[in-house]
Amino acid sequence: MSASGGNKAVVAALSANLAIAVLKFIAFALTRSSSMLAEAIHSVADSGNQVLLLVGGKRSKRQASPEHPFGYGRERYIYAFIVSIVLFSVGGLFALYEAYHKYQDPHPIEGRWWWVPLAVLVGAILAEGYSFRTAIRESNRTRGTQSWVQFVRTAKAPELPVVLLEDFGALLGLLFALFGVGMTLITGNGVWDAFGTAMIGLLLVAIAAVLAVETKSLLLGESATQADVRRIEAAIQEDPDTRIIHLKTLHLGPEELLVAAKISIAKCDTGREIADGINAAEARIRAAVPIAGSIYLEPDVFVSPKTQDAGQGNR
(Lines give C-alpha, C1' and ligand atoms only; values in the text may rest on other atoms or scores of the structure.)
Protein backbone atom coordinates (compact mmCIF):
# COMPACT_ATOMS: atom_id res chain seq x y z
CA MET A 1 0.00 0.00 0.00
CA SER A 2 1.49 3.29 -0.97
CA ALA A 3 1.80 6.02 1.61
CA SER A 4 0.29 8.59 -0.78
CA GLY A 5 -3.14 6.96 -0.67
CA GLY A 6 -3.10 6.90 3.11
CA ASN A 7 -1.92 10.51 3.32
CA LYS A 8 -4.69 11.64 1.00
CA ALA A 9 -7.31 10.06 3.26
CA VAL A 10 -5.62 11.51 6.36
CA VAL A 11 -5.55 15.06 4.93
CA ALA A 12 -9.22 14.80 3.90
CA ALA A 13 -10.16 13.66 7.40
CA LEU A 14 -8.06 16.40 9.03
CA SER A 15 -9.66 19.15 6.95
CA ALA A 16 -13.15 17.93 7.77
CA ASN A 17 -12.49 17.51 11.49
CA LEU A 18 -10.95 20.95 12.00
CA ALA A 19 -13.94 22.68 10.43
CA ILE A 20 -16.42 20.47 12.26
CA ALA A 21 -14.71 20.99 15.64
CA VAL A 22 -15.13 24.77 15.41
CA LEU A 23 -18.83 24.47 14.58
CA LYS A 24 -19.44 21.98 17.40
CA PHE A 25 -17.79 24.26 19.97
CA ILE A 26 -19.98 27.13 18.76
CA ALA A 27 -23.07 24.94 19.09
CA PHE A 28 -22.04 23.91 22.62
CA ALA A 29 -21.43 27.54 23.62
CA LEU A 30 -24.92 28.49 22.45
CA THR A 31 -26.84 25.51 23.88
CA ARG A 32 -24.64 23.91 26.60
CA SER A 33 -25.42 20.49 25.12
CA SER A 34 -23.12 17.79 26.54
CA SER A 35 -23.47 15.77 23.33
CA MET A 36 -22.14 18.72 21.37
CA LEU A 37 -19.22 19.16 23.78
CA ALA A 38 -18.37 15.46 23.59
CA GLU A 39 -18.51 15.59 19.79
CA ALA A 40 -16.37 18.75 19.72
CA ILE A 41 -13.69 17.07 21.84
CA HIS A 42 -14.03 13.99 19.63
CA SER A 43 -13.28 16.10 16.56
CA VAL A 44 -10.31 17.74 18.27
CA ALA A 45 -8.95 14.31 19.22
CA ASP A 46 -9.42 13.06 15.66
CA SER A 47 -7.66 16.14 14.27
CA GLY A 48 -4.73 15.58 16.60
CA ASN A 49 -4.64 11.94 15.59
CA GLN A 50 -4.45 12.80 11.91
CA VAL A 51 -1.56 15.19 12.60
CA LEU A 52 0.19 12.35 14.46
CA LEU A 53 -0.27 10.03 11.46
CA LEU A 54 1.23 12.63 9.11
CA VAL A 55 4.17 13.21 11.48
CA GLY A 56 4.76 9.46 11.77
CA GLY A 57 4.72 9.08 8.01
CA LYS A 58 7.27 11.85 7.58
CA ARG A 59 9.61 10.58 10.32
CA SER A 60 9.48 7.03 8.95
CA LYS A 61 11.21 8.22 5.75
CA ARG A 62 14.48 9.03 7.52
CA GLN A 63 17.54 7.20 6.26
CA ALA A 64 18.89 4.22 8.15
CA SER A 65 21.63 4.95 10.70
CA PRO A 66 24.20 2.86 12.60
CA GLU A 67 21.85 2.89 15.60
CA HIS A 68 18.85 1.90 13.42
CA PRO A 69 20.34 -0.10 10.54
CA PHE A 70 16.93 -1.19 9.26
CA GLY A 71 15.56 2.33 9.08
CA TYR A 72 12.63 4.03 10.78
CA GLY A 73 9.67 2.41 9.04
CA ARG A 74 8.07 1.39 12.31
CA GLU A 75 7.64 5.04 13.30
CA ARG A 76 4.29 4.82 11.50
CA TYR A 77 3.23 2.00 13.82
CA ILE A 78 4.33 3.88 16.93
CA TYR A 79 2.34 6.99 16.03
CA ALA A 80 -0.69 4.89 15.11
CA PHE A 81 -0.51 3.29 18.58
CA ILE A 82 -0.37 6.76 20.15
CA VAL A 83 -3.52 7.58 18.16
CA SER A 84 -5.38 4.75 19.93
CA ILE A 85 -4.28 6.12 23.32
CA VAL A 86 -5.41 9.66 22.45
CA LEU A 87 -8.75 8.40 21.15
CA PHE A 88 -9.30 6.38 24.33
CA SER A 89 -8.28 9.04 26.83
CA VAL A 90 -9.16 12.37 25.22
CA GLY A 91 -12.18 11.17 23.25
CA GLY A 92 -13.73 8.20 25.04
CA LEU A 93 -13.03 8.88 28.71
CA PHE A 94 -13.88 12.59 28.42
CA ALA A 95 -17.22 11.76 26.80
CA LEU A 96 -18.06 9.28 29.57
CA TYR A 97 -17.13 11.86 32.22
CA GLU A 98 -19.26 14.50 30.51
CA ALA A 99 -22.17 12.04 30.28
CA TYR A 100 -21.96 11.38 34.03
CA HIS A 101 -21.77 15.10 34.78
CA LYS A 102 -24.81 15.82 32.57
CA TYR A 103 -26.76 12.93 34.12
CA GLN A 104 -26.13 14.37 37.57
CA ASP A 105 -27.45 17.77 36.46
CA PRO A 106 -29.68 17.32 33.39
CA HIS A 107 -31.08 20.42 31.76
CA PRO A 108 -33.00 20.89 28.52
CA ILE A 109 -31.82 22.73 25.44
CA GLU A 110 -33.66 26.03 25.48
CA GLY A 111 -33.52 29.45 23.88
CA ARG A 112 -33.59 30.71 20.34
CA TRP A 113 -30.48 28.73 19.37
CA TRP A 114 -32.11 25.31 19.88
CA TRP A 115 -31.80 24.58 16.15
CA VAL A 116 -28.03 25.16 15.97
CA PRO A 117 -26.95 21.68 17.22
CA LEU A 118 -29.23 20.02 14.69
CA ALA A 119 -27.84 22.10 11.83
CA VAL A 120 -24.24 21.50 12.92
CA LEU A 121 -24.76 17.75 13.31
CA VAL A 122 -26.39 17.39 9.90
CA GLY A 123 -23.59 19.41 8.29
CA ALA A 124 -20.99 17.35 10.17
CA ILE A 125 -22.56 14.12 8.93
CA LEU A 126 -22.21 15.36 5.35
CA ALA A 127 -18.56 16.40 5.89
CA GLU A 128 -17.62 13.16 7.66
CA GLY A 129 -19.42 11.23 4.96
CA TYR A 130 -17.17 12.84 2.35
CA SER A 131 -14.07 12.02 4.41
CA PHE A 132 -15.27 8.44 4.91
CA ARG A 133 -15.92 8.13 1.17
CA THR A 134 -12.35 9.25 0.44
CA ALA A 135 -10.95 6.67 2.87
CA ILE A 136 -13.08 3.92 1.32
CA ARG A 137 -12.01 4.86 -2.21
CA GLU A 138 -8.31 4.88 -1.28
CA SER A 139 -8.65 1.59 0.62
CA ASN A 140 -10.36 -0.12 -2.31
CA ARG A 141 -7.21 0.43 -4.38
CA THR A 142 -5.39 -2.17 -2.27
CA ARG A 143 -8.14 -4.07 -0.44
CA GLY A 144 -8.76 -6.50 -3.28
CA THR A 145 -11.23 -9.26 -2.38
CA GLN A 146 -10.74 -8.90 1.37
CA SER A 147 -13.67 -8.05 3.59
CA TRP A 148 -13.43 -4.79 5.51
CA VAL A 149 -12.73 -6.67 8.74
CA GLN A 150 -9.93 -8.63 7.07
CA PHE A 151 -8.51 -5.43 5.58
CA VAL A 152 -8.35 -3.67 8.95
CA ARG A 153 -6.78 -6.74 10.58
CA THR A 154 -4.19 -7.52 7.90
CA ALA A 155 -3.22 -4.08 6.51
CA LYS A 156 0.47 -3.35 7.09
CA ALA A 157 0.13 0.42 6.54
CA PRO A 158 -1.75 1.83 9.56
CA GLU A 159 -3.05 5.10 8.11
CA LEU A 160 -6.03 3.87 6.12
CA PRO A 161 -7.39 1.44 8.76
CA VAL A 162 -7.04 4.17 11.41
CA VAL A 163 -8.86 6.75 9.28
CA LEU A 164 -11.52 4.22 8.30
CA LEU A 165 -12.27 3.37 11.91
CA GLU A 166 -12.14 7.01 13.02
CA ASP A 167 -14.48 8.17 10.26
CA PHE A 168 -16.85 5.26 10.85
CA GLY A 169 -16.83 6.06 14.56
CA ALA A 170 -17.33 9.75 13.83
CA LEU A 171 -20.42 9.04 11.74
CA LEU A 172 -21.90 6.77 14.40
CA GLY A 173 -21.03 9.33 17.09
CA LEU A 174 -22.81 12.06 15.16
CA LEU A 175 -25.90 9.88 14.87
CA PHE A 176 -25.77 9.22 18.62
CA ALA A 177 -25.43 12.94 19.27
CA LEU A 178 -28.31 13.70 16.89
CA PHE A 179 -30.43 11.16 18.74
CA GLY A 180 -29.55 12.61 22.15
CA VAL A 181 -30.10 16.22 21.10
CA GLY A 182 -33.27 15.40 19.18
CA MET A 183 -34.85 13.51 22.09
CA THR A 184 -33.86 16.28 24.49
CA LEU A 185 -35.58 18.86 22.28
CA ILE A 186 -38.69 16.68 21.93
CA THR A 187 -39.06 15.68 25.58
CA GLY A 188 -37.39 18.61 27.32
CA ASN A 189 -35.45 16.06 29.41
CA GLY A 190 -31.66 16.55 29.48
CA VAL A 191 -31.11 12.91 30.45
CA TRP A 192 -31.39 12.03 26.76
CA ASP A 193 -28.47 14.36 26.06
CA ALA A 194 -26.44 12.52 28.70
CA PHE A 195 -27.46 9.19 27.18
CA GLY A 196 -26.27 10.24 23.72
CA THR A 197 -22.98 11.45 25.22
CA ALA A 198 -22.44 8.12 27.00
CA MET A 199 -23.04 6.23 23.76
CA ILE A 200 -20.37 8.37 22.07
CA GLY A 201 -17.91 7.62 24.89
CA LEU A 202 -18.47 3.86 24.77
CA LEU A 203 -18.10 3.89 20.99
CA LEU A 204 -14.77 5.73 21.12
CA VAL A 205 -13.41 3.43 23.83
CA ALA A 206 -14.33 0.39 21.72
CA ILE A 207 -12.69 1.79 18.56
CA ALA A 208 -9.58 2.77 20.53
CA ALA A 209 -9.33 -0.79 21.89
CA VAL A 210 -9.52 -2.28 18.37
CA LEU A 211 -6.85 0.13 17.11
CA ALA A 212 -4.58 -0.63 20.07
CA VAL A 213 -4.80 -4.40 19.54
CA GLU A 214 -4.16 -4.23 15.81
CA THR A 215 -1.33 -1.69 16.08
CA LYS A 216 0.31 -3.65 18.91
CA SER A 217 0.54 -6.63 16.58
CA LEU A 218 2.33 -4.48 13.99
CA LEU A 219 4.69 -3.10 16.62
CA LEU A 220 5.61 -6.61 17.78
CA GLY A 221 6.45 -7.50 14.18
CA GLU A 222 4.20 -9.21 11.64
CA SER A 223 5.23 -11.53 8.87
CA ALA A 224 4.54 -10.90 5.21
CA THR A 225 1.05 -11.57 3.92
CA GLN A 226 0.30 -15.11 2.80
CA ALA A 227 0.25 -13.94 -0.81
CA ASP A 228 3.74 -12.41 -0.51
CA VAL A 229 5.07 -15.52 1.26
CA ARG A 230 3.82 -17.67 -1.62
CA ARG A 231 5.49 -15.34 -4.13
CA ILE A 232 8.80 -15.51 -2.23
CA GLU A 233 8.65 -19.31 -2.04
CA ALA A 234 7.90 -19.57 -5.74
CA ALA A 235 10.74 -17.16 -6.59
CA ILE A 236 13.30 -19.10 -4.56
CA GLN A 237 12.23 -22.48 -5.91
CA GLU A 238 12.00 -21.29 -9.50
CA ASP A 239 15.47 -22.81 -9.83
CA PRO A 240 14.88 -26.61 -9.73
CA ASP A 241 18.16 -27.10 -7.86
CA THR A 242 17.12 -24.74 -5.03
CA ARG A 243 14.64 -25.56 -2.32
CA ILE A 244 13.63 -23.92 0.95
CA ILE A 245 14.66 -25.52 4.22
CA HIS A 246 12.91 -22.83 6.26
CA LEU A 247 11.76 -19.26 5.66
CA LYS A 248 10.99 -16.28 7.92
CA THR A 249 9.73 -12.82 7.02
CA LEU A 250 9.22 -9.64 9.05
CA HIS A 251 7.76 -6.23 8.21
CA LEU A 252 10.30 -3.54 9.13
CA GLY A 253 7.69 -0.99 8.08
CA PRO A 254 4.55 -0.91 5.96
CA GLU A 255 6.58 -0.90 2.74
CA GLU A 256 9.77 -2.71 3.75
CA LEU A 257 10.11 -6.44 4.26
CA LEU A 258 12.90 -8.50 5.79
CA VAL A 259 13.35 -11.98 4.28
CA ALA A 260 15.56 -14.60 5.93
CA ALA A 261 15.76 -18.16 4.59
CA LYS A 262 17.91 -21.24 4.65
CA ILE A 263 18.08 -22.74 1.17
CA SER A 264 19.55 -25.99 -0.09
CA ILE A 265 22.63 -26.32 -2.28
CA ALA A 266 24.28 -29.31 -3.90
CA LYS A 267 27.11 -30.94 -1.98
CA CYS A 268 29.45 -30.45 -4.94
CA ASP A 269 28.82 -26.72 -5.40
CA THR A 270 31.85 -24.45 -5.29
CA GLY A 271 31.97 -21.14 -3.44
CA ARG A 272 31.41 -19.24 -6.69
CA GLU A 273 28.43 -21.41 -7.61
CA ILE A 274 26.90 -20.91 -4.14
CA ALA A 275 27.33 -17.12 -4.34
CA ASP A 276 25.85 -17.00 -7.85
CA GLY A 277 22.90 -19.12 -6.75
CA ILE A 278 22.18 -16.87 -3.75
CA ASN A 279 22.47 -13.69 -5.84
CA ALA A 280 20.10 -15.11 -8.43
CA ALA A 281 17.58 -16.11 -5.74
CA GLU A 282 17.74 -12.61 -4.22
CA ALA A 283 17.07 -11.04 -7.61
CA ARG A 284 14.06 -13.30 -8.15
CA ILE A 285 12.66 -12.43 -4.71
CA ARG A 286 12.97 -8.68 -5.32
CA ALA A 287 11.30 -9.03 -8.70
CA ALA A 288 8.41 -10.98 -7.16
CA VAL A 289 8.02 -8.84 -4.01
CA PRO A 290 9.52 -5.36 -4.53
CA ILE A 291 9.15 -4.35 -0.86
CA ALA A 292 11.65 -7.09 0.11
CA GLY A 293 14.47 -4.66 0.86
CA SER A 294 16.58 -6.77 3.24
CA ILE A 295 17.22 -10.35 2.14
CA TYR A 296 19.48 -12.82 3.95
CA LEU A 297 19.87 -16.30 2.45
CA GLU A 298 21.89 -19.00 4.20
CA PRO A 299 23.07 -21.95 2.10
CA ASP A 300 22.87 -25.45 3.53
CA VAL A 301 22.71 -29.05 2.38
CA PHE A 302 19.17 -30.38 2.41
CA VAL A 303 18.67 -33.65 4.22
CA SER A 304 15.26 -35.26 3.87
CA PRO A 305 13.61 -36.59 7.05
CA LYS A 306 13.75 -40.16 5.68
CA THR A 307 17.47 -39.93 4.99
CA GLN A 308 18.07 -38.41 8.41
CA ASP A 309 16.08 -41.15 10.14
CA ALA A 310 17.91 -43.86 8.20
CA GLY A 311 21.27 -42.38 9.14
CA GLN A 312 20.33 -42.30 12.81
CA GLY A 313 19.13 -45.89 12.64
CA ASN A 314 22.49 -47.08 11.29
CA ARG A 315 24.42 -45.55 14.17
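The following exchange examines a predicted model, with attention to its helices and its largest cavity.

User: Why are α6 and α7 called roughly antiparallel to each other?

Analyst: The axes of α6 and α7 cross at roughly 170°. Angles over 145 degrees count as roughly antiparallel, and α6 and α7 are therefore roughly antiparallel to each other. Their axes come within 7 Å. By class, the contact of α6 with α7 comprises 16 nonpolar, six polar and one charged residues.

User: What makes the reach of α6 close to the expected one?

Analyst: The expected span is 1.5 Å times one less than the number of residues. For the 29 residues of α6, this gives 42 Å, and the helix reaches 41 Å from its first C-alpha to its last. Just after α6, G188 takes a positive phi of about 75°.

User: How do you know where the kink in α3 is centred?

Analyst: The bend at a residue is the angle between axes fitted to the seven residues ending there and the seven starting there. In α3 the kink is about 25° and is centred on F88. Helix α3 covers residues 75–104, and its 30 residues reach 43 Å, close to the expected 44 Å.

User: What makes the space lined by A80, V152 and other residues a cavity?

Analyst: A cavity is a set of points where a 1.4 Å probe fits but cannot get out. By this rule there is one cavity of 30 Å³ or more, and the largest cavity has a volume of about 80 Å³.

User: Which helices each supply at least two residues of its lining?

Analyst: Both α6 (159–187) and α7 (191–220) do so. The largest share, four residues, comes from α7. Among the lining residues are P161, V162, L165, L211 and L218.

User: How is the lining of the largest cavity divided by class?

Analyst: The lining has 10 nonpolar, one polar and one charged residues. Glu counts as charged, and Thr falls among the others, which count as polar. E214 and T215 both belong to the lining, so E214 is the charged residue and T215 the polar one.

Technical notes:
Residues numbered from 1 in each chain as written. Predicted model: local features only at pLDDT ≥ 70, side-chain atom pairs only at ≥ 80, totals over all residues. Heavy atoms only, no water. 1 Å grid on protein atoms, 1.4 Å probe; cavity = no way out; pocket = protein on both sides within 12 Å on 5 of 7 lines; lining within 4 Å. Points joined across faces, edges and corners; volume = space filled by probe spheres on them. Axes fitted to C-alpha atoms, helices over the stretch in contact; angles between N-to-C directions. Parallel < 35°, antiparallel > 145°, perpendicular 65-115°, else oblique.
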